[in-house]
Amino acid sequence: MLRIYDTQTGGKKEFVPVNEGRVGMYFCGMTVQSEPHVGHMRVAVVSDIFRRYLRYKGYDVTLVINFTDIDDKIIEKARERGVDYQEIAQENIDKFMEFLAFLGAERADHYPRATEHIDDIIAFVERLVEKGVAYESGGDVYFEVGKWPDYGKLSKRRLEDLVAGASERVELDDRKRNPEDFVLWKAAKEGEPSWNSPWGKGRPGWHIECSAMSTKYLGEHFDIHGGGTELIFPHHENEIAQTEAATGKPYVNYWVHHGLVNLVGEKMSKSTGHFKTMAEISKRFPSDVVRFYLLSTHYRSEIEFSDERLAEAETAIERFENLFRTLERLVGPEGEGEVAAGASAAVADARRRFLEAMDDDLNTAQAIGHLFDVVRVINQKIGSGAEKPVLRSDRAVLRELSGILGLLEGVGTALEQVPAEVLELVRARTEAREARDWALADEVRDRITALGYRVEDTSEGPVARKNK
RNA sequence: GGCGGCGUAGCCAAGUGGCUAAGGCAGAGGAUUGCAAAUCCUCGAUUCCCCGGUUCGAAUCCGGGCGCCGCCUCCA
């Protein structure tokens, strides 16, 4: 039984879909004002894990991830560079997609952009105005928070506290009736991109796009809505208020919030310039390493980003790679050869525990622990000369489970090609070793190393492998 | 000030009332090896930030400290 933690109820709940056999998920992607950093990639990996596991459980999953492609900073940046705002947006969307692929995240079913859904957004705002919970003022349209009694139910805030806190921080805007009201539609300023609306030229406020786009693709009541914890308030709180006020029904069943990625003890943030870009990371570390690192902590916990953490992840992931490659050498490619009827007992047991961990709010950290047990058991079996069919069926479990995590796809599915030059050196080294000329053998090994390969003397003879 | 969360071995990280407190990285010893690499075995918290309390029993629940983080303003 799959249980998922819901921010609104503050606990884990058994997962029951709105529509039997199907799951609708919406994750807040990014405001494409600058290039993606590692923090943005966590949502990509978390949404991907949810999708993979729900699909593994037999659900037909629809995943939607949005892009906010119009906001003050995008406009500002476009002005600075003297280009159209869409150019800035597109550039960063392309990068996001690139890193999504780098991280082994499958493409979502829809990637809606705010500017491509202006009509839907306007219609949504009109509904709110008709219901009397939103009002027009000077070309802006605001949601009147005081008209929505449930306001604060997600973030557990009381309106009075907000008003008290806001008085010190928020500039009073005389177009608002109340300081806590938030904007649904912003009147255009001179020279800004704008769209026609019943309230004159303008553009959508930030929160409304997610209500309009999520319900458009997933229906007015759907299963899972996710994003970083920083979005709980005000963004998701506002989304609930808008959507439930408009539709008169519950909006989302499971609010899923992942912890933030910190850098030297502080969250990464575009506005403070305190972040590592994905471009930087993807150049230095392989995809599986970054993904493994992001999955080695539970998604709801904060995670510290550092080179040391990634280096550890790299060492850890090599154990899996080594095993897949060793197995391929020993028992041949996957899908070929005789396979034993079931996995061996210890592997089957670890598999059961892995799935239990995943059922418990997608506890990938714990699941990975059990995956290492699978690795150890298989290595032990190799060491004790287990039969090939047994190794093949155990390997199938390793493949199944690492596949749920989206790790190691393509690793050990084809022995790597080693250049003739390296093979020649391996042969030369073997000859030197047979002549017990250790000095020469080591010298040849150094030359192999210099070519970026390393040689390992296995029970079946020397094997050359490319270094990282 | 208000709201939410965290504090587990050198580091990272599971575990949220009851078997020996997962797993990874680092380290030590051993097996194997000409030496390595890879792999396996053994070793580490008498204890879970501190102090009280509840309980037959607490890392896990309650109260109080201390420290850290996030949100309350655009942000995954």
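**View 1. Domain 1 and domain 2 of chain A, with their centres 35 Å apart over C-alpha atoms.** In this predicted model, the domain assignment of chain A gives domain 1 as residues 3-280, domain 2 as residues 285-404 and domain 3 as residues 420-466. Where domain 1 and domain 2 are in contact, 32 residues come from domain 1 and 28 residues from domain 2.

**View 2. The area buried between domain 1 and domain 2.** The size of an interface is often expressed as the accessible area that is lost when the parts come together. Between domain 1 and domain 2 this buried area is about 2,600 Å², and carbon and sulfur atoms give 57% of that value. On the side of domain 1, the residues that lose the most area to domain 2 are R42, Y53 and Y56, which together make up 23% of what that side buries.

**View 3. Salt bridges and polar contacts between domain 1 and domain 2.** Three salt bridges are counted between domain 1 and domain 2, and 21 residue pairs are in polar contact, with both residues at pLDDT 80 or more. In a salt bridge between the side chains of K57 and D359, the distance from N to O is 2.8 Å.

**View 4. The side of domain 1 that touches domain 2.** The elements that give two or more residues to this side are the strands β1 (3-6), β10 (252-258) and β11 (261-263), together with the helix α1 (38-56). The largest share comes from α1, which contributes 11 residues. By residue class, this side of domain 1 divides into 19 nonpolar, six polar and seven charged residues.

Note on methods
Residues are numbered from 1 along each chain as its sequence is written. Chains are lettered from A and ligands numbered from 1 in the order in which they are written. This is a predicted model: local features need pLDDT of at least 70, side-chain atom pairs count only at pLDDT 80 or more; totals for chains, interfaces and linings use all residues. Side-chain values use heavy atoms; hydrogens and water are left out. Domain bounds come from an automatic or database domain assignment. Contact means heavy atoms within 4.5 Å. Buried area is the accessible area (1.4 Å probe) that two parts lose on being put together, summed over both. A salt bridge is a side-chain nitrogen of Lys or Arg within 4 Å of a carboxyl oxygen of Asp or Glu. A polar contact is a pair of N or O atoms within 3.5 Å; within protein, one must be able to donate a hydrogen and the other to accept it, and residues adjacent in sequence count only if both atoms are side-chain atoms. Helices (H or I, at least four residues) and strands (E, at least two) are DSSP runs, numbered from the N terminus. Ala, Val, Leu, Ile, Met, Phe, Trp, Tyr, Cys and Pro count as nonpolar, Asp, Glu, Lys and Arg as charged, and the others, Gly among them, as polar.
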